[in-house]
Structures are given as C-alpha cells and as structure tokens.
Amino acid sequence: MNMARLAVFSPVDSTARVDVVVRRLADAIAVGLLADGEQLPSEAELAGRLGVSTVTLREALMALRQRGMVETRRGRGGGSFVRLPAGLDPLARLRAFAADELRDFGDHYAAVAGTAARLAAERSLPSDVAPLWRTLDEMDAVAAAPEAAGSAEACARLRRLDGRFHIEVAAASQSARLTQEEIRLQADIGPLLWLPHEGLSGHDETAAQHRAIAGAVERGDGEQARAVAERHVLDATRHLIELRLRLRE
Amino acid sequence: MSTPASLVQAGHDHAAAAVARVREAAEGVFEALREVRDAAVACVLPAGGTRRPVVADLAALRPLLWARLRGGALPAHLPAHLPALIAGIGFIAAPGLLADAPWYLEWWQENPSGDPVQLLRDMDPASSAFYDYTHWDWYAGPSSGAERTICGPYVDYLCTDEYSLTLSVPVLAGGSFAGVAAADVFVRRFEAAVLPALREIPGPAFLVNAEGRVVASNTASRVAGSVYRGGPRDGDHVVRRVGDLPLSLVTATAGGPE
C-alpha cells in the first residue's frame, strides 16, 4: 500500500479531537476536579493517557493557555500547571457579564438544579444521601477551622466542596444528562456564583440552604427539594447581580 | 378471574429463563474480573513479595485489560452469544499499597475511535475535592469483605458521565487486602443484554439491585433508575434472587395489579 493510502486510514486527528480534549480538561479545572496549581503530567504522558497525538495535545494546551486555565513554565521545574482563572480576579470576570445575562444564567441553573433536586428526592436511596451529608460536614469543618478565616486556600476548598455537593445532588437524580448539565453550568458560572464564600462571611447562610436541600432529598420530599434548590441558586444569582450593578466599568 | 394453570407455568419458565440470562451476563463480567484479580496479585507481589510494588509494576495488567474491554475476545469457555459489556476495567490500589503513589488506579476505558485510553484523574484527596475512592460502594464493598459487589445503577460522573453499573471483587495478596478489580458496564448495554428475556415474561417484570434500584425492566412504570420499595413478599410481587448475586428479578403475581 502506498503512503497516501496509509495516511487515509491513519487515526483521525481532527479539530474535533482537540475540542474534546479542551472541554474535558476545562470542565475538570473549572469544577475543581483538577486542582488550582496542580502540575499536569508531561506532554508525552498526557497525550498517551488521553489517547491523542502530542500535536493534538499541544493544540489543546494552547487553547487552554489562551483561556488562562493552564500555565506553562520552561526550564528546570517547568511543565504545565492548572490555573483556576476566575480565582485570580473574579470581579474582572464578573464585569464581563451584563446583569441580564446573569439573570438568564440563574434562570437556567435554577431549572436544572430544581429538577435535579426534585428527582433526587423521589429516587434517592440511603447510599445516594450519605455522600451529601459527608460533603456538608466537610464544608463545616473547613469553615470552622481557626486558620480558615480569610485564607484563600480555605475558600478554594469550600468552592470545590460546594461544587461536589451540587454534582452529588444531580447524580442522585439518576439523570446523566442533568448531571452533565450541572457540571457544565458550574464550569460556566460556578466560580462566580459561589463568590459569597470569599471571606467565608456567607457560609452559615449557604450551609443552611445546603442542609435544607439534603434534608428534603433524604425525606423524599420532592417539591420541597425543588423549592429550596431553586431558591439557593436564585439567592446566589441575586447576590451576584447586586455585586455586578455596583461594579464600575 | 383466575389465570389458567398453564399460563402461570409459562410465566414461571420465562422468569427462570430471564434469571438465567441476567446471571450469565453478570457472570461474564465477574469472570473477567477474576482474571484481573489473579493478574493483579502477581503485580502487587513483585520479586516474590520481597519489595513494595510501584505504579510501573501494574503496567503488566494492560494487555489483559485491553483484551477484556468491549470488542476484546471473551474467555474461550464463555458462551459466544454473550454481548461484550465492559466499557472500563482496571485495578484500584488500596491507599498506601504502592511505594510511589498513595492513590492509584490502573484504569482503562474503551475508545470508539482507537486504542483504549487510560483514565486521567487526580485521585489525591489532599489536592482534589472529589475522590477519596474508598467511600464508593464499588470499593467499600470488596474492602469490607464482599465477594462480589454490584454498585449502581448510578451516574458515573468520575469517568464516563454515563448511567452505569460497576462490578467489583476484592484483590487479596499475601493474605491482606491490596485493592479492587472492577469493571464498568453501561446500563443501556446491560439492558440490551437482558431485555429480550424480560420481554418474554407475560406481566410486568424488572430487575433490581440489593437496595431496590431498578436496573432493567419490561415496563415503563418501573424504568431503570426508579426505586422498588416493596419487601420480598409484599403480596403483589414475586422476588427471585439471581443466583447469589446482589440482584433480584421482580415479577407481578398473576392477577395482581400493574
């Protein structure tokens, strides 16, 4: 077989493949599956593990660098590192949204989170509920630790745990699509929506709402679960819109 | 109105056939897991157990894991009509087992467009909020002594974003627990494997896991993901255990509701 024919049947390295890698890594970074500051494996290893060529991987890393989600350092101790872009300056990111867009995000998110919580209440079993309480207890422990006050590390951990809680509620709905949508919405707006955690001032209020959601899911009270999950998102959205309206351009 | 005895008998036969079909499908996966378990024991006792195992020792599992993924050949003695179900398979190390990684999964997933891909995840609870995997039923079951665990159906947001079952068995090396051999099976594929047999049962029939979550069903009123809260003898249903697996077939009693 000549070389041209061999090329026809070689693995497809289309831009679609680049996009898949970008989305997988970007989602993982945005919701904290890959932690801020974490070093990624070497390009060769990462390409091998993702099953893509190094060319594809480099293109994907370039796209992530442009979004500020990956930082590459050269030389000794160099490599690619995860960056949580919104964590650097969330207010700059907030400025990019009009209040109307934030309201729309909130509407969409409330619909997803509300339905997911209702279904979770109708369908969950004890093994689905246990992780919710475990996550909430972990959040309380982080917020209560004396060294937590004002620490960026504690805030980042709380944000990750908050994301985990909402993904666990969505997964308890038994709907893969709602869970994927929850993860996508968190990637889009999660880091902003949970801004009240900056400084931990809003933790008590947020924690009370989380416990109300988990409690309604545990009792099997679908309507209550939906109502509190919606209110949780809409309260956070309203807080965010107020913050946005006070920001000068 | 009473149901003719011949029809009742036919219902029993079809239910027994469905139980056999479910058992066969699940046992095919457990058979692959026993192979992974045996291979993993050799990997985690390198040099006859004279040194601690490292991540690189687990690479020896790869040919077997790749072969057992969907599309791979089944062990020769299994029935040829068994559909290939496994979407992801691997060995999950007990925390602290490996000398060079406190948390590690040698986990491979099928890839429709080429060779299997290894799961890329930071599993260290210190840097990731997500994965102290010891809490998941597929790990907690085997680590607390269960011979065979079937976890789910559940939304697997760690790996595949699919509605999945995870089947797992413990790996014991030198008398102590070394980790778990596990495999992911998408619910939609498991359903495709058992639905032909469920469909033959004249009335409503559905398969539930040990907690009562419906895995597959021949009726829209008990679709996969819903919960069956009835007891083993709640009057309207007959519950048949699938061998000694944590699965049961539930059928409506003749003349009962539904």
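**Entry: a pair in H7**

I started with Arg103(A), which makes a salt bridge to Asp100(A), with the closest N and O atoms 3.2 Å apart. This is a predicted model, so I treat every distance here as computed. The two residues sit three apart in helix H7 of chain A, so about one helical turn separates Arg103(A) from Asp100(A). I looked up exposure for both ends. Arg103(A) comes out partly exposed at 39% relative accessibility, and Asp100(A) is partly exposed too, at 49%.

**Entry: a pair across the chains**

Next I went to Arg213(B) and Asp128(A). Arg213(B) lies in the loop between strand S7 (205-209) and strand S8 (214-217) of chain B, while Asp128(A) is in helix H8 of chain A, so this pair joins two chains. I get 2.6 Å between the closest N and O atoms of that salt bridge. Are its two ends, Arg213(B) and Asp128(A), buried or exposed? Both are buried.

How many salt bridges does the rule find across the interface of chain A and chain B? One. The count of residue pairs in polar contact between chain A and chain B, both at pLDDT 80 or more, is six.

I then listed which helices of chain A bring at least two residues each to the side that touches chain B: H2 (15-30), H3 (43-50), H7 (99-123), H8 (126-144), H9 (152-172) and H10 (176-193). H9(A) gives the most, with six residues. Sorted by class, that side of chain A has 15 nonpolar, eight polar and 11 charged residues.

For the overall extent, I noted 34 residues of chain A in contact with 26 residues of chain B. The area buried between the two chains is about 2,600 Å², and carbon and sulfur atoms give 54% of that.

**Entry: a pair between H8 and H9**

Back inside chain A, I pulled up Arg164(A) and Glu138(A), a salt bridge with its closest N and O atoms 2.9 Å apart. This one links distant parts of the chain, with Arg164(A) in helix H9, Glu138(A) in helix H8, and their positions 26 residues apart. Arg164(A) counts as buried at 6% relative accessibility, whereas Glu138(A) is partly exposed at 28%.

I also ran the search over the whole structure, and it returned 26 salt bridges over all chains. In chain B, I found Glu27(B), Glu31(B), Arg34(B), Arg148(B) and Asp244(B) linked in a network of salt bridges.

**Entry: Leu94(A)**

I picked Leu94(A), in helix H6 (residues 90-95) of chain A. Why does Leu94(A) count as buried? Its relative accessible area is 0%, so it falls under the 20% cut-off.

What is Leu94(A) in contact with, leaving aside neighbours within four places in sequence? I get Leu102(A), Leu192(A), Leu240(A), Leu243(A), Arg244(A) and Leu247(A). I checked Leu240(A) in particular: 146 residues separate it from Leu94(A) in sequence, but the C-alpha to C-alpha distance is 8.3 Å.

**Entry: chain A as a whole**

I counted 12 helices and two strands in chain A. From the N terminus on, the order is α-α-α-α-β-β-α-α-α-α-α-α-α-α. Of the 249 residues, 50% count as buried. Among contacts in chain A with a separation of 6 or more, residues 24 or more positions apart account for 73%.

On confidence, the mean pLDDT of chain A is 82, with 84% of its residues at 70 or more. Where is confidence in chain A lowest, and where highest? It is lowest in helix H1 (residues 3-8), at a mean of 48, and highest in H7(A), at 95. A reminder to myself: where pLDDT is low, the predicted coordinates should not be read in detail.

**Entry: backbone oddities**

Most residues other than glycine have a negative phi, and most peptide bonds are trans. I went looking for exceptions.

- Gln174(A) has a positive phi, near 70 degrees. It sits in the loop between H9 and H10 of chain A, and it is buried at 7% relative accessible area.
- Asp161(B) also shows a positive phi, about 60 degrees. I found it in the loop between S4 and strand S5 (162-173) of chain B, partly exposed at 28%.
- Gly152(B) and Pro153(B) are joined by a cis peptide bond, with omega about 15 degrees. Pro153(B) belongs to strand S4 (residues 149-156) of chain B.

Conventions
Residues numbered from 1 in each chain as written. Chains lettered and ligands numbered in written order. Predicted model: local features only at pLDDT ≥ 70, side-chain atom pairs only at ≥ 80, totals over all residues. Heavy atoms only, no water. Contact = heavy atoms within 4.5 Å. Buried area = accessible area lost by both parts, 1.4 Å probe. Salt bridge = Lys/Arg side-chain N within 4 Å of Asp/Glu carboxyl O. Polar contact = N/O pair within 3.5 Å; in protein donor to acceptor, adjacent residues only side chain to side chain. Helix = DSSP H or I, 4+ residues; strand = E, 2+ residues; numbered from the N terminus. Nonpolar A, V, L, I, M, F, W, Y, C, P; charged D, E, K, R; others polar. pLDDT = per-residue confidence, 0-100. Buried < 20%, exposed > 50% of the residue type's maximum accessible area, 1.4 Å probe, protein only.
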